[in-house]
Amino acid sequence: MDEVEVSTVIHVPPAEAYDFIVDFPRYADYSEYLREVRRDGDGSPGTRYALKFSWWKLTYTAHTKVVDADPPERLDWRVIRNIDADGHWRVEGAADEAPEDVETASRVSLRIEYDPGSVNAGSIDLPRFVSLSWVVEKVKPLIQKEAERVVERIVADIEGQPREVDLTVHTRPDAI
């Protein structure tokens, strides 16, 4: 399994950060590759999403499901078709990490684990003469950049204005 985790401190209380994260359909506004989000449910466990991504000449719909929630601290999800992948959002109080002029803060982390070898070739309509292994190698670094971009844009939206965001990125040594 490959993994990437992106975290940062945002200047809102944990409950407010969590409520923002649960509103997943809004993510299409933050992502360069996510074109559409369809939701069946209210964001709690059992909610299913169809996430339509588009990159290069490829379009792929990821089908995910919220598998567990512990508001306002954690939201777990898993991809339910075509690839072995899961992850979670974690929110922790981080008042000690806030600047002096900020009353409250939260550390928000997005963790994604996936097995690139589990991609079902039949689920992706590949252009002629393009191999699935080539696509997987090209997409792996995009996953990290996309995670970073989403977190940065969420911070700007939730705080009401853009600012320089200090991101911490962790990857498994053999990943990405």
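Arg74 has Arg90 of strand β6 as its bridge partner. This residue pair belongs to a predicted model, and it offers a starting point from which the rest of the fold can be followed. The two strands concerned are β5, residues 74–79, and β6, residues 84–93, which are joined by five bridges in the antiparallel sense.

Helix α1, formed by residues 14–22, packs on the sheet that contains these strands. The helix touches β1 (2–10), β2, β3, β4, β5, β6 and β7 (106–115). Relative to β6, the direction of α1 makes an angle of about 155°.

The wider architecture may now be considered. The protein comprises two helices and eight strands, and from the N terminus these elements follow one another as β-α-β-β-β-β-β-β-α-β. The second helix in this succession is thus preceded by a strand and followed by a strand.

The eight strands form an open sheet in the order β2-β3-β4-β5-β6-β7-β1-β8, and their pairing is antiparallel. Because β2 and β8 (168–171) each have a single partner strand, they stand at the edges, and one side of each is left without a neighbour in the sheet. On average, neighbouring strands of this sheet are turned by 20° against each other, direction ignored.

From the β2 edge, the pairing can be traced inwards residue by residue. Strand β2 (residues 34–40) pairs with strand β3 (residues 48–55) through six bridges, again in the antiparallel sense. Within this pairing, Arg39 finds its bridge partner in Tyr49 of β3.

On its other side, β3 is joined to strand β4 (residues 58–70) by eight bridges, and these two strands also run antiparallel. Here Phe53 is matched with Tyr60, its bridge partner in β4. Strands β3 and β4 form a hairpin with two residues between them. In the turn of this hairpin lies Trp56, whose phi is positive, at about 55°.

Finally, several totals describe the protein as a whole. Of its 176 residues, 42% count as buried. Among contacts with a separation of 6 or more, 56% are accounted for by residues 24 or more positions apart. The exposed surface of the protein amounts to about 9,500 Å², of which carbon and sulfur atoms supply 45%.

Methods
Residues numbered from 1 in each chain as written. Predicted model: local features only at pLDDT ≥ 70, side-chain atom pairs only at ≥ 80, totals over all residues. Heavy atoms only, no water. Helix = DSSP H or I, 4+ residues; strand = E, 2+ residues; numbered from the N terminus. Buried < 20%, exposed > 50% of the residue type's maximum accessible area, 1.4 Å probe, protein only. Contact = heavy atoms within 4.5 Å. Areas by Shrake-Rupley, 256 points an atom, 1.4 Å probe, with all protein chains shown as cover. Pairing = 2+ DSSP bridges. Axes fitted to C-alpha atoms, helices over the stretch in contact; angles between N-to-C directions.
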